[in-house]
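Please open the model in your viewer and keep the sequence panel beside it. The tour below goes from one selection to the next and says what can be found at each stop.

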Amino acid sequence: MRRLALLTALLAPLAAQGFTLDAPIEQGRLIRGQTSPNATILLDGKTLPVTPDGKFVFGLARDAAGTITLTENGAATVLPIAARAWDIQRIEGLPPGKVNPDPEGLKRIQREAALIKAARSQVTNLAGFADAFRWPANGRISGIYGSQRILNGEPRSPHLGLDIAGPTGTAIRAPAAGRVVLAEPDLFFTGRTVMIDHGHGVGSIFAHLSASSVTVGQVIAAGQEIGAIGATGRVTGPHLHWGVYWGAVTLDPQPLMPTPAPAPLP
Ligand SMILES: [Zn+2]
């Protein structure tokens, strides 16, 4: 009830509109909205799919800036995007070939990036995105979203996911319902990799797995086991890298969690 009161207070300025949002308009956020059934919703002029019961979703990139415009049944609301501060994370001891890949490695990376991009570009009417997300694994948070990365002393792209370190073999469970859209045994950066579509362009990627038996097309329930923590791909030790995306936009999984740290799994 406290949470509800907080949300109500947070959303009060939007009361004039018919829609409500479940998160602040902030960099890296997955934002789920509720409008009336059959309403039309546009984000910056582009139509968002709405479920039969009025749910919609969108996300804001790590470096999103300025404002967004949500238009509901023709009425526009302009909302400013709040900026966040990002950490710097230094990682030493990575295999040099995984930080500065050779030409063959670069070709492989390109091929694999296309696979991942194709999996991310699917927009389905699955409704798992509206679930209350749960921790996908028990363990210690060893890397957070947004950090500027310095790998073996060299600046690299920011870290766009959440790392949960745990012993190899630790169960990984789907944080929300969906369908498997990618299951690859050995990608250059992400090792054994599984991707789950949660619907409306939202999905999860699970990387560095030691094992997984799910197959593309398989329907997955929230909480269902989909694999195990491992140390495959570009890693210094066993952990799960969990990414959440909305199409091409990669989001911060942590604010979706019910508790600040992973709770022991049953
Ligand atoms: Zn990671």
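A residue is called buried here when its relative accessible area is under 20%, exposed when that area is over 50%, and partly exposed in between, with a 1.4 Å probe and protein chains only. This is a predicted model, in which local features need pLDDT of at least 70 and side-chain atom pairs count only at pLDDT 80 or more, while totals for chains, interfaces and linings use all residues. Residues are numbered from 1 along each chain as its sequence is written, and side-chain values use heavy atoms, with hydrogens and water left out.

**Two residues with positive phi**

Begin by selecting Asn 38, which is exposed, with a relative accessible area of 74%. Asn 38 sits in the loop between strand 2 (30-34) and strand 3 (41-43); helices (H or I, at least four residues) and strands (E, at least two) are DSSP runs, numbered from the N terminus. Although Asn 38 is not a glycine, its phi is positive, at about 75°.

Next select His 208, which is not a glycine either and has a positive phi of about 75°. His 208 belongs to strand 16 (residues 202-209), and with a relative accessible area of 6% His 208 is buried.

**The zinc ion**

Now centre the view on the zinc ion and show the side chains around it. Which protein residues are the donors of the zinc ion? They are His 159 through NE2, Asp 163 through OD and His 241 through ND1, lying 2.0 to 2.1 Å from the ion. Donors are N, O and S atoms within 2.8 Å of the metal (3.2 Å for Na, K and Ca), and because water is not among the atoms, sites may look incomplete. Along the sequence, the spacing of the donor residues reads H-x3-D-x77-H. His 159 and Asp 163 are both buried.

To see the surroundings, colour residues 158-253, where an unreviewed UniProt entry places the feature "domain: M23ase beta-sheet core". UniProt positions are given in the numbering used here, feature names are shortened, and annotations may be inferred rather than shown by experiment. Over residues 158-253 the chain is 53% strand and 0% helix, and the C-alpha atoms at the two ends are 15 Å apart.

**Salt bridges**

Keep Asp 163 selected and add Arg 149, since the side chains of these two residues meet in a salt bridge with an N to O distance of 3.4 Å. Asp 163 lies in strand 12 (residues 162-165) and Arg 149 in strand 10 (residues 148-151), so the pair ties together parts that are 14 residues apart in sequence. Asp 163 is buried at a relative accessible area of 5%, and Arg 149 is buried at 12%.

How many salt bridges are there? The count comes to 9, where a salt bridge is a side-chain nitrogen of Lys or Arg within 4 Å of a carboxyl oxygen of Asp or Glu. One of them joins Asp 63 to Arg 62, with the closest N and O atoms 2.9 Å apart. Here Asp 63 is exposed, with a relative accessible area of 54%, whereas Arg 62 is buried at 10%.

Move on to Glu 154 and Arg 156, which form a salt bridge whose closest N and O atoms are 3.0 Å apart. Glu 154 is partly exposed, at 29% relative accessibility, and Arg 156 is partly exposed too, at 25%. Then select Arg 108, Glu 112 and Asp 186 together, which are linked in a network of salt bridges.

**Aromatic rings**

The structure holds 3 aromatic pairs. Select Trp 86 and Tyr 145, an edge-to-face pair with 5.7 Å from centre to centre and 65° between the planes. Rings of Phe, Tyr and Trp (its six-membered ring) pair if their centres lie within 6.5 Å; planes under 30 degrees apart count as stacked, over 60 as edge-to-face and the rest as tilted. The pair links distant parts of the chain, 59 residues apart: Trp 86 is in the loop between strand 7 (75-80) and strand 8 (88-91), and Tyr 145 in the loop between strand 9 (140-143) and strand 10. Trp 86 is partly exposed at 21% relative accessibility, whereas Tyr 145 is buried at 2%.

Finally, select Phe 188 and Phe 189, an aromatic pair that is edge-to-face, with 5.0 Å from centre to centre and 90° between the planes. Phe 188 is buried, at 7% relative accessibility, while Phe 189 is partly exposed at 31%. Add Lys 98 to this view: Lys 98 lies over the face of Phe 188, at 4.1 Å from the ring centre. A charge sits over a ring if NZ of Lys or CZ of Arg is within 6 Å of the ring centre and within 35 degrees of the ring normal.
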